[in-house]
Every structure is written in structure tokens, then in C-alpha cells.
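Biologist: I am new to this one. Could you walk me through where the ligand sits and what surrounds it?

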Amino acid sequence: MFGDLKGKRVLVTGSTQGIGLAAVEAFARHGALVGMNGRKAPADLDSTLARLNALDGEVAFLSGDVSSSEGAKRLVEDFVARFGGIDVVINNAGGLVARKPLEEIDDEFFDAVTDLNARSALMVTKYALPHLKESATQSGTTASVILVGSVAGYTGGGPGAGLYGAAKAWLHNIQKNWVNFHTKDGIRFNTVSPGTFDTAFHADKDTDTKARIGAGFPMGRFGKPEECAPTFLFFASHACSGYITGQILDVNGGQYMP
Ligand code: NAD
């Protein structure tokens with residue numbers, strides 16, 4: 001089904017664990033050439049790369065902090081130096097940074113949350129743009145940019161997560177502009193918007209708390225990272241989604257139905 005992903009060059013930001021790592025693995029299973037990124041190498045990097053490189057693709061770790069424009073630029077350059085171009089970008093790096101209610105938000109926290117969730121996706125996409133355009137020209141199909149939004153982008157986020165929710169809503173929105181002005185370049189822009197997934201993102205909750213929260217969702221539980229991964233394959237594959245752009249795919253077990 002995802003046969004056209006073989007040999008595709010896929011950069012996944014923030015992908016040493018959780019949803020991003022599951023995406024890297026899914027692309028590797030389908031024969032893609034994948035850049036796995038994190039601020040620094042995880043302790044189990046060697047064994048993770050050995051496991052991933054035993055699949056059908058090729059995975060390389062590229063360190064870099066995408067919350068700075070310079071870090072985003074360097075990551076794109078490193079990826080292109082390694083794989084010769086870019087066909088797919090997945091802007092997955094993101095997170096709460098911390099939970100702070102409105103009364104406690106200062107400039108430093110504002111910058112940290114928006115840099116990690118908004119600036120990172122914009123700058124990685126900006127620096128990848130000429131390579132994505134080249135990919136579309138060479139392949140005669142489309143290149144793909146995928147943003148990672150959030151249910152918080154609709155609901156406003158939980159306690160102390162207002163800035164995070166707003167940054168995700170910003171992502172849900174900005175792709176509309178990119179669709180309007182870069183479809184002519186052969187690039188598609190779509191968003192995967194997860195609900196509540198059992199990753200380090202929820203490390204502040206114990207098992208009972210997660211079970212209690214999950215019981216409130218129609219599916220009755222948190223999602224697993226591997227349940228999000230196929231949506232990235234779908235938006236990356238021209239054969240599957242070549243006429244789909246500017247859309248948000250909600251992967252949330254029915255938690256929120258926009
Ligand atoms: P996670 O904390 O498990 O993983 C985050 C990844 O991002 C890690 O690999 C980390 O190393 C990397 N990262 C963090 N800051 C970075 C930076 N400055 N530069 C480069 N890499 C960086 O989180 P996750 O749950 O897998 O989240 C992945 C994405 O999904 C995020 O954008 C998150 O906002 C979004 N999301 C998660 C949930 C959830 O419930 N888990 C819900 C909605 C949206």
C-alpha cells in the first residue's frame with residue numbers, strides 16, 4: 001500500500017522517542033531513508049539504530065535543537081549532506097516545556113514554548129522548501145510536509161498548557177497559507193493532530209491517573225505511538241494522498257470531534 005515510500009528521504013524532527021520514533025520505525029519498515037533527530041543522542045542510540053537499520057530502510061541520527069532557527073537550518077543541511085535531498089518533512093518536535101498558568105507566564109517561558117512548537121516547524125519547513133521543490137520536480141509527483149498538531153489546538157489545552165495549545169492551533173492554521181502559496185511548487189502540507197498518547201509527554205501522571213483519564217475517551221484508553229505512525233505514512237505517500245493537502249487528521253480515539 002505504501003510502496004512509493006521506498007527510497008524516499010524523510011526527515012522527522014524530535015524523533016528519538018514516542019510518536020516520532022514510532023514514525024521513524026514505520027518509514028524504515030517501508031524502505032525509506034530516514035533522519036532521526038533529537039537535541040542529543042539518547043543513551044540507547046547504538047542499539048536503537050541497529051534495530052531500525054535491520055528493517056528495510058536506512059536510519060541516521062542527526063542531532064540538533066530545532067527550537068532555534070540556526071539549529072533548524074543546520075539540521076536540514078546535515079540531512080541533505082547525508083541523503084542528497086528531501087522528499088518528506090515531519091515537524092514532530094514539540095512539547096509543553098512546563099505547565100504554567102497565565103499568572104506565571106513570563107517572556108522566557110513564552111519564547112521557550114513558541115520556539116519549540118511553532119518556530120521549529122516554520123524554520124525547518126522554510127529551509128527544506130528548495131529541496132522539497134526539487135524533489136517534486138524530479139519525481140513528477142509531490143513532496144510532503146507534515147505538521148504535528150494536537151487536540152489542545154482545538155480545546156485550548158489542559159492546566160498550564162494554554163501557550164502550548166495556542167502554538168498547536170497556530171500550526172493548524174499556518175499550513176493554510178503554505179497550501180495557498182506553495183502548492184504550485186508541488187508540495188503538500190497536512191497535519192496529524194494526536195489526542196492523548198502514552199509517551200514521555202505524560203510522564204507527570206502515574207498509571208492509575210492515565211487509566212482514569214483514558215476511561216473518559218470513547219476508546220477508553222490513551223493511544224499508543226505506533227497507532228499514530230500510519231497517518232504519517234499516508235500523508236507522505238503520493239500514491240495514497242497525492243490530492244490531499246491542507247487537512248488535519250485527528251488521531252484521538254474519539255476524544256474530540258471537531
Ligand atoms: P516525547 O516527549 O515523547 O518526544 C518528544 C521528542 O522531541 C523527543 O525525541 C525529544 O528528544 C524531541 N525534542 C524535544 N525538544 C527538541 C528540540 N528542541 N529539538 C529537537 N528535538 C527535540 O513526546 P511525544 O508525545 O512523542 O510528542 C511528539 C509530538 O506529538 C509533539 O509535537 C507533541 O506536542 C505532539 N503531541 C503529543 C501528544 C501526547 O499525548 N503524547 C498529544 C498531542 C500532540
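Modeller: Happily! Let's start with a term: helices (H or I, at least four residues) and strands (E, at least two) are DSSP runs, numbered from the N terminus. Keep in mind, too, that this is a predicted model.

Biologist: Thanks! Which element gives the most to the lining of the largest pocket?

Modeller: Several elements give two or more residues to that lining: α4 (107-139), α5 (152-155), α6, β2 and α1. Among the elements, the one that gives the most does so with three residues, and that is α1.

Biologist: And what is the volume of the largest pocket?

Modeller: The lining of the largest pocket divides into 21 nonpolar, 23 polar and six charged residues. The space they line has a volume of about 1300 Å³.

Biologist: Where is the ligand in all this?

Modeller: The shell around the ligand draws two or more residues from each of α1 (18-29), β2 (33-38) and α6 (162-182). As for the space taken by the ligand, it is the largest pocket.

Biologist: Which residue has a side-chain N or O atom 2.7 Å from an oxygen atom of the ligand?

Modeller: Phe197 is not the one, as its backbone N or O atom lies 2.8 Å from a ligand oxygen. Asp65 has a side-chain N or O atom at 2.7 Å, but from a nitrogen atom of the ligand. The side chain that fits your description belongs to His202.

Biologist: How much of the ligand's exposed area does the protein bury?

Modeller: Start from the ligand taken alone, which exposes 830 Å². Of that area, the protein buries 93%.

Note on methods. Residues numbered from 1 in each chain as written. Predicted model: local features only at pLDDT ≥ 70, side-chain atom pairs only at ≥ 80, totals over all residues. Heavy atoms only, no water. Polar contact = N/O pair within 3.5 Å; in protein donor to acceptor, adjacent residues only side chain to side chain. Areas by Shrake-Rupley, 256 points an atom, 1.4 Å probe, with all protein chains shown as cover. 1 Å grid on protein atoms, 1.4 Å probe; cavity = no way out; pocket = protein on both sides within 12 Å on 5 of 7 lines; lining within 4 Å. Sits in = over half its atoms within 2 Å of the grid points. Points joined across faces, edges and corners; volume = space filled by probe spheres on them. Nonpolar A, V, L, I, M, F, W, Y, C, P; charged D, E, K, R; others polar.
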